[in-house]
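Hi,

Here is the structure I promised to pass on. Please open it before you read my notes below.

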Amino acid sequence: MKTQFLLRSNLILLGTLCAGLFSGCSSSTFRGNNPDDAPGKYHIKTEHVILHSDVKLSSDDPLIQELKELRDEIAQTLELKLGEKQVEVFMFEDETSYQKFLTNHYPGLPPRRAYFVGTSSKLAVYTVWTDRIREDLRHEFTHGVLHSALPFVPLWVDEGFAEYFELPTAAGIPREDYLSELARLQLNGWKPNLRRLEQLDAVGEMQRLDYAESWAWVHWMLHNNPQTRKSLLDYAHHPEQQAAIPLSKRLTKIIPNPEQELTDWIAQSSAGQ
Ligand SMILES: [Zn+2]
């Protein structure tokens with residue numbers, strides 16, 4: 001289960017429950033302006049990622065290298081021009097210190113394994129070392145990369161992309177977990193509904209199924225054909241136009257019944273796995 005908290009227009013919180021040498025990198029001992037209870041034993045600074053960790057990692061750790069590659073992959077896949085903004089990752093070594101930090105600085109948040117916090121001055125990922133750290137980091141780091149390039153990302157698009165990049169699958173290969181889950185639900189009468197997803201923008205509104213559906217729309221649009229891909233990327237690239245013409249409406253100009261098309265794709269892709 002994952003939840004986004006859109007608290008104010010300039011503060012975005014997205015949480016996850018489920019959920020070679022690095023060129024140009026350097027290690028340092030700075031803490032910056034970070035609070036005392038943030039992880040501070042180890043610091044690694046790379047060109048686009050700053051890691052503050054209580055878990056010992058070296059600058060050539062595969063996890064850090066993977067974030068660099070993921071950043072490039074996101075930029076290439078979504079045709080984003082990424083700026084100079086860095087994403088700061090705060091890695092806690094245990095659940096207790098992580099939860100205590102969240103309680104101190106973001107009181108009232110439900111427990112989640114990781115959070116992305118975006119403000120006009122900082123893009124931060126807070127997470128705790130678990131056996132799902134790779135997946136959590138990829139998910140939250142995707143939010144960071146998106147918000148480094150785009151001034152606003154609709155909630156379902158934000159989560160759809162984060163779910164898309166969360167698992168290191170080959171381009172175009174749908175993730176098996178959501179695909180089989182959605183196919184099973186379809187047999188019991190569930191149908192995708194993009195207009196409903198577009199209405200979700202408040203605290204705690206998104207449930208696991210909404211994340212799965214967001215992933216399905218994003219994956220299908222990126223790989224269905226050049227028109228659906230262009231429609232999704234145009235929509236994501238132009239936040240100022242999003243309210244005027246929602247994606248559900250844009251899609252019907254190129255596909256009369258996108259919900260049915262997605263339904264058919266889920267059924268067919270699931271049967272082929
Ligand atoms: Zn998320």
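A term first: a nonpolar core is a set of buried Ala, Val, Leu, Ile, Met, Phe, Trp, Tyr and Cys residues joined through side-chain atoms within 4.5 Å. Buried means under 20% relative accessible area. Bear in mind that this is a predicted model.

Now the cores. The largest nonpolar core has 60 residues. Within this core, L78 and I266 touch the most other members. Helix 7 (residues 208-224) supplies the largest share of the core, 9 residues. Both domain 1 (2-149) and domain 2 (164-271) contribute, with at least three residues from each.

Look at L78 next. Setting aside neighbours within four places in sequence, L78 is in contact with L146, F161, F165, L222, L233 and H237. Another core lies apart from the largest one. That other core has 12 residues, including A38, F90, Y98 and V117.

Then the metal site. Which protein atoms are the donors of the zinc ion? They are NE2 of H139, NE2 of H143 and two OE atoms of E159, at 2.1 to 2.6 Å from the zinc ion. Along the chain, the donors follow the spacing H-x3-H-x15-E. H143 sits in helix 3 (residues 133-149) and E159 in helix 4 (residues 155-166), so this pair ties together parts 16 residues apart in sequence. The site of the zinc ion is irregular, with angles of 53 to 147° among its 4 donor atoms.

Are these two residues buried or exposed? H143 has 0% relative accessibility, so H143 counts as buried. E159 is also at 0% and therefore counts as buried.

Best wishes

Definitions and conventions:
Residues numbered from 1 in each chain as written. Predicted model: local features only at pLDDT ≥ 70, side-chain atom pairs only at ≥ 80, totals over all residues. Heavy atoms only, no water. Buried < 20%, exposed > 50% of the residue type's maximum accessible area, 1.4 Å probe, protein only. Helix = DSSP H or I, 4+ residues; strand = E, 2+ residues; numbered from the N terminus. Domains from an automatic or database assignment. Contact = heavy atoms within 4.5 Å. Donors = N, O, S within 2.8 Å, 3.2 Å for Na, K, Ca; no water. Tetrahedral: all angles 85-135°; square planar, octahedral: opposite > 155°, others 65-115°.
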